[in-house]
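The paragraphs below lead through one protein structure, moving from charged pairs to unusual backbone geometry, then to sheets and helices. Please keep the sequence and the model at hand while reading.

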Amino acid sequence: MASEHIADSHEMIRVIGARENNLTGVDVEIPKRRLTVFTGVSGSGKSSLVFGTIASESQRLINETYPTFVQQFMGQLSRPDVDALENISPAIIVDQERMGANARSTVGTATDVHAMLRVLFSRIGQPHVGSPQAFSFNVPSVSGAGAVTIAVGKDKGKKERRSFEITGGMCPHCEGLGQVSDIDLDEVIDRSRSLNAGAITVPGYNADGWMVRGFSESGFFDADKPIADFTEEELADLLYKEPVKVKIQNINMTYEGLIPKLTKSMMQKDRDSLQPHIRAFVDRAVKFMPCPECDGTRLNEGARSSKIGGVNIADAAAMQITDLAAWVSAIDDTSVAPLVSGLRQTLDSFVAIGLGYLSLDRSSGTLSGGEAQRTKMIRHLGSSLTDVTYVFDEPTAGLHPHDIQRMNALLQGLRDKGNTVLVVEHKPEVIEIADHVIDLGPGAGRHGGRIMFEGDVAGLRASDTVTGRHFDHRASLKPQTRAATTHLEIRGARQHNLQSVDVDVPLGILTVITGVAGSGKSSLIHGNVPRFDDVVVVDQAPIRGSRRSSPATYTGILDDIRKSFAKANGVKPALFSANSEGACPACKGLGVIITNLGFTQSVETRCELCEGSGFSDDVLEYTLNGKNIAEVLALSASEAADFFPTGPAHTTLGRMVDVGLGYLTLGQSLNTLSGGERQRLKLAISMAKKGAIYVLDEPTTGLHLADVDNLLALLDRLVDAGNSVIVIEHHQAVMAHADWIIDLGPGAGRDGGRIVFEGTPEDLVTGGDTLTAQHLAAYVGR
């Protein structure tokens with residue numbers, strides 16, 4: 001037998017001494033050209049090993065192959081904390097990061113399909129209106145003429161007359177956004193009152209305050225006359241008058257109408273930067289509506305006039321992708337055959353991955369985490385690349401059990417082409433198809449970061465790890481369900497694909513909204529549950545946080561901790577902030593010294609002066625119950641709950657423990673948290689209200705099988721405390737635990753948007769004939 005060629009000896013990815021985040025010097029071998037699933041409780045170190053170590057180092061090494069000129073424009077990746085990494089191949093990362101919520105980004109622009117459509121219409125659209133940019137809603141039409149000075153060679157200083165014209169597709173009225181905003185005047189003024197009686201209902205505009213006196217003492221109208229009695233001219237002066245100089249109590253001031261003043265001070269600011277009460281006012285007062293000139297298509301009349309077979313580019317972008325794929329297939333023109341072939345292939349990939357219900361004009365910011373991840377997968381499905389490492393972060397997030405089988409087939413297809421597929425996943429249905437399983441644990445945070453099991457699925461089942469013990473565990477149907485106290489009536493709901501839905505959502509109990517991906521669950525709940533003060537929405541929007549943000553700052557615990565330290569030591573609270581007066585003078589509170597080396601990676605070294613704490617020496621001399629501020633921030637949430645036995649901090653810390661985040665340290669950076677951890681952190685903050693309506697969007701995302709039981713107990717506690725809980729969810733354990741289920745479907749997109757079942761889980765399993773009923777019955781063993 002011939003000896004093995006040395007080139008065939010690199011069949012394993014070897015990780016030696018990985019210490020990224022909570023990994024404890026992990027050594028592991030991962031087979032190449034196989035499907036490997038990484039399991040373990042949330043926070044055990046899966047993402048640190050797969051994304052923070054293997055994928056990060058692969059991308060860093062690829063970046064180093066580019067010229068230094070190119071490298072300086074790329075994000076600089078630091079070398080992961082690992083002794084050695086051997087035999088890694090180029091990594092393609094498909095994570096759950098939500099697509100940017102840029103108002104100009106759509107499904108079509110994010111996947112390049114719109115770019116291909118623009119070329120198609122610019123070539124064979126009739127009448128011909130221009131180049132591809134004539135069909136782009138991000139390019140305005142511009143023209144101009146004038147003298148230009150040439151400063152090259154012997155013509156230096158010579159002037160020539162030039163003119164130019166750019167034909168874009170942007171609608172000039174809405175500037176390519178497809179919608180225009182309008183202020184609801186009834187939310188701004190109470191027409192039955194006079195200015196002196198508080199007619200302006202904007203937060204901060206008190207009748208006796210300076211903001212209102214600028215109007216009431218301007219002399220343009222009678223401040224004691226009700227707004228309803230104003231003449232047209234007086235109302236226009238109050239609301240829209242251009243800035244003019246006026247004298248109020250001998251002080252020269254600029255008078256400006258209320259609407260432009262509000263637009264500058266509130267409407268044009270980043271919504272997230274506004275105070276909560278101002279943000280609530282803006283949400284009430286500003287109404288968005290489709291642009292009347294372009295009917296919400298974003299495109300000008302010229303772009304809409306060019307058609308292929310009676311269809312313009314706006315019509316094509318508005319089609320459901322399954323319909324668009326059929327329309328493209330019918331185009332028979334040899335001059336654009338290669339373009340049509342590529343377009344057809346991409347659209348078929350949309351359908352194959354279960355996103356055929358989307359349309360290209362759907363704003364990319366409205367996609368769920370699971371939809372965004374599958375959208376990113378599309379460009380890789382038809383790829384001819386082999387020997388590549390594909391890295392997935394919970395690819396089944398947001399998928400109904402019916403859709404998981406299709407995702408499994410895609411993962412196996414990528415492997416069968418000769419690629420290494422690494423998947424971080426909790427769902428047993430995905431773990432089942434793995435060639436190799438690596439289980440991390442035993443716990444989370446500092447209690448995790450170790451390899452608990454390596455081998456096949458049968459070995460995992462037989463192992464005594466947390467994952468092994470819970471692998472075949474199934475939640476059972478509730479023997480008794482609670483009765484609703486009242487109902488939230490939804491009538492004629494037509495958002496997105498909803499087909500004039502009428503439904504009564506029970507309150508006072510645990511209600512689960514389910515259905516296949518794209519059936520209309522989020523549209524029904526997020527689009528129709530009113531955003532009152534007692535409605536707490538915990539969605540999948542990411543927490544914004546820099547390396548200076550931590551669980552302590554995000555939850556507000558740090559304020560209480562600083563006050564406790566200040567009171568105990570008789571000094572200012574600001575001393576106990578690493579972002580303020582207490583910062584180490586060398587590292588400015590970061591705990592590390594960052595040295596920028598231009599086009600190569602930046603170097604982070606631990607600050608020797610503060611030894612990584614971020615605080616100055618004199619601050620660390622102050623103690624509270626024997627610990628300084630750095631030692632307190634190094635405590636886990638559960639340890640800190642014991643350290644602060646009473647007060648607001650103890651209450652918040654108790655909630656963090658309740659949602660399964662007792663292992664998080666108070667001072668760790670928010671950008672080190674996984675998606676599931678961030679969502680549960682938001683839930684912990686929101687749990688304070690009593691008698692509230694909680695709307696949770698897929699709270700099991702990122703949760704291990706063992707943690708799902710804890711979540712169900714938490715949901716029960718919320719209901720027992722007098723709250724209503726509405727959960728949008730696909731996990732069968734949550735469905736089985738519900739008091740009431742509302743199932744949407746029967747399919748996705750235009751095949752969904754209808755209520756196909758309402759009732760208890762028991763009724764669904766025994767009498768339901770929907771896809772959800774079939775999978776729930778199989779789950780509970782019926």
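Does Asp-464 count as buried or exposed, and at what relative accessibility? The model in front of you is a predicted one, and in it Asp-464 has a relative accessibility of 63%, so this residue counts as exposed, the cut-off for that class being over 50%. The side chain of Asp-464 meets that of Arg-469 in a salt bridge, with 3.4 Å from N to O.

Side chains of opposite charge can pair when their charged atoms come close. The structure holds 35 salt bridges, and two further examples have buried partners. In one, the side chains of Glu-371 and Arg-362 meet at 3.8 Å, N to O, and both Glu-371 and Arg-362 are buried. In another, Lys-478 and Asp-739 form a salt bridge at 2.9 Å, N to O. This pair links distant parts of the chain, since Lys-478 sits in the loop between helix 17 (466-470) and strand 18 (486-493), whereas Asp-739 sits in the loop between helix 27 (732-737) and strand 26 (740-745), 261 residues apart. Lys-478 and Asp-739 are both buried, and salt bridges with shared partners join them with Arg-482, Asp-716 and Asp-720 into one network.

The backbone deserves a separate look. Most residues other than glycine have a negative phi, and most peptide bonds are trans. Against that background, where do the cis peptide bonds that precede Pro-127 and Pro-746 lie along the chain? The bond from Gln-126 to Pro-127 is cis, with omega near -5°, and Pro-127 is found in the loop between helix 4 (113-124) and strand 6 (142-150). The bond joining Gly-745 and Pro-746 is also cis, with omega about 0°, and Pro-746 is found in the loop between strand 26 and strand 27 (754-759).

Positive phi values occur at His-496, where phi is about 50°, and at Glu-698, where phi is near 50°, although neither residue is a glycine. His-496 is placed in the loop between strand 18 and strand 19 (501-507), and with a relative accessible area of 62% this residue is exposed. Glu-698, by contrast, is found in the loop between strand 24 (693-697) and helix 26 (705-720), and with a relative accessible area of 7% this residue is buried.

We can now turn to the sheets. Strands of a sheet pair through backbone hydrogen bonds, either parallel or antiparallel. One open sheet is formed by three strands in the order 2-1-4, with antiparallel pairing. Strand 2 (26-31) and strand 4 (82-86) stand at its edges with a single partner strand each, so one side of each is left without a neighbour in the sheet. The twist from one strand to the next averages 5°. Within this sheet, strand 1 (residues 12-18) pairs with strand 4 over four bridges in the antiparallel sense, and Ile-16 stands opposite Ala-84 in strand 4.

A second open sheet has six strands in the order 5-14-15-3-16-17, and its pairing is mixed. Its edge strands are strand 5 (91-94) and strand 17 (450-455), each of which pairs on one side only, and neighbouring strands are turned against each other by 15° on average, direction ignored. Strand 14 (residues 389-393) and strand 15 (residues 420-424) pair in the parallel sense over five bridges, with Phe-392 opposite Val-423 in strand 15.

Which strands does helix 1 lie across? Helix 1 (residues 46-63) lies across strand 1, strand 2 and strand 4, running at about 115° to strand 1. Helix 1 also lies across strand 3 (35-39), strand 5, strand 14, strand 15, strand 16 (436-441) and strand 17, at about 130° to strand 5. Helix 14 (residues 401-416) lies across strand 3, strand 14 and strand 15, running at about 150° to strand 15.

Finally, helix 7 (residues 258-267) shows how burial is arranged around a helix axis. Its buried residues are Leu-258, Ile-259, Leu-262, Met-266 and Met-267. Seen down the axis of helix 7, these residues fall within an arc of 95°, so they line one face of the helix. An α-helix has 3.6 residues a turn, so residues three or four places apart point the same way. The cover over the buried residues of helix 7 includes strand 8 (179-183), helix 5 (210-216), helix 6 (232-240), helix 8 (276-285) and strand 11 (286-290).

Conventions
Residues are numbered from 1 along each chain as its sequence is written. This is a predicted model: local features need pLDDT of at least 70, side-chain atom pairs count only at pLDDT 80 or more; totals for chains, interfaces and linings use all residues. Side-chain values use heavy atoms; hydrogens and water are left out. Buried means under 20% relative accessible area, exposed over 50%, partly exposed in between (1.4 Å probe, protein chains only). Helices (H or I, at least four residues) and strands (E, at least two) are DSSP runs, numbered from the N terminus. The arc is that of the directions from the helix axis to the C-beta atoms. Contact means heavy atoms within 4.5 Å. A salt bridge is a side-chain nitrogen of Lys or Arg within 4 Å of a carboxyl oxygen of Asp or Glu. Two strands pair if DSSP finds at least two bridges between them. Axes are lines fitted to C-alpha atoms, for helices over the stretch in contact, and angles run from 0 to 180 degrees between N-to-C directions.
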